[in-house]
Amino acid sequence: MIIIGIAGGTGSGKTTVVKSIIDSLPADEVALLPLDSYYKDSSHVPVEERQNINFDHPDAFDWNLLSRQVEMLKRGEAIEQPVYSYLTCTRQRETIHIEPRKVVIIEGILALSDRKLCGQMDLKVFVDAEADERLIRVIQRDVVERGRTAEAVMERYMKVLKPMHEEFIEPAKRYADLIIPQGGHNKKAIEILKMYIEKIIG
């Protein structure tokens, strides 16, 4: 089993890199653990205060649960991955059953930001992209998929995304074994990454 952490800023192309890895391997060989599934449950927080939660800060995540579940997978045990609702900011009752696989990918903006979790990884990848490219992608995604206005997205970018990126996401780059510049557009780097994974599990 190989545990891979894939981090990078919002809109950097992490999803493209992860999809490329998953598509290159047999379906029963990969388990994906999105960091977004491991947000702390906020059902105890009054509804009107939940909108103030900073989802780009390390404190928003349940690192202990994620580390524990990674250890379980390493031991060959199945896990029940939590399901998180952005609409209510709460953890749902249903879970996703995940069996141990040859490749376990932990993907998220802060995937390399927890010391203990990094210690459990066999390969740490940082997907890098220029700030203006990331902003364009975030605007396109949030306007189309999340129904936000471009102005609202840019305001959130300046208030939350940019400072959190500079404080927590960018510094995690130094822990990476592999940095992929130009994000999901860097086909050569992605091919090298896929070849490395196939060699390890082959």
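This short talk covers helix α3 and a selection of the salt bridges in the structure above. Please bear in mind that we are looking at a predicted model.

I begin with helix α3. The helix runs over residues 63-74, which gives 12 residues. From first C-alpha to last, α3 reaches 17 Å, close to the expected 16 Å. Which residues of α3 are buried? They are Trp63, Leu65, Leu66, Ser67, Gln69, Val70 and Leu73. These buried positions pack against five strands, namely β1 (2-8), β2 (30-34), β3 (79-85), β4 (90-98) and β5 (103-107), and against helix α4 (115-120). Just after the helix, Gly76 adopts a positive phi of about 90°.

I turn now to the charged pairs. Side chains of opposite charge can pair when their charged atoms come close. The structure contains 11 salt bridges, and I shall discuss some of them.

One links the loop preceding α3 to a strand that α3 packs against: Asp62 pairs with Arg91, with the closest N and O atoms 3.4 Å apart. Asp62 sits in the loop between α2 (47-50) and α3, while Arg91 belongs to strand β4, so this bridge ties together parts that are 29 residues apart in sequence. Both partners are partly exposed: Asp62 has a relative accessibility of 21%, and Arg91 has a relative accessible area of 26%.

Other pairs lie within a single helix. In helix α1 (residues 14-23), Lys19 and Asp23 are 4 residues apart, about one turn. Their side chains form a salt bridge at 2.8 Å, N to O. Is this pair buried or exposed? Lys19 has 51% relative accessibility and therefore counts as exposed; Asp23, at 53%, likewise counts as exposed.

In helix α7 (residues 187-201), Glu191 and Lys194 are 3 residues apart, again about one helical turn. The closest N and O atoms of their salt bridge are 2.9 Å apart. Why does such spacing suit a pair within a helix? An α-helix has 3.6 residues a turn, so residues three or four places apart point the same way. The two partners in α7 fall into separate accessibility classes: Lys194 is buried, with a relative accessible area of 13%, whereas Glu191 is partly exposed at 40%.

Finally, there is a network to note. Asp128, Glu170 and Lys173 are joined into one network by salt bridges that share partners.

Terms used:
Residues numbered from 1 in each chain as written. Predicted model: local features only at pLDDT ≥ 70, side-chain atom pairs only at ≥ 80, totals over all residues. Heavy atoms only, no water. Helix = DSSP H or I, 4+ residues; strand = E, 2+ residues; numbered from the N terminus. Expected span 1.5 Å × (residues − 1). Buried < 20%, exposed > 50% of the residue type's maximum accessible area, 1.4 Å probe, protein only. Contact = heavy atoms within 4.5 Å. Salt bridge = Lys/Arg side-chain N within 4 Å of Asp/Glu carboxyl O.
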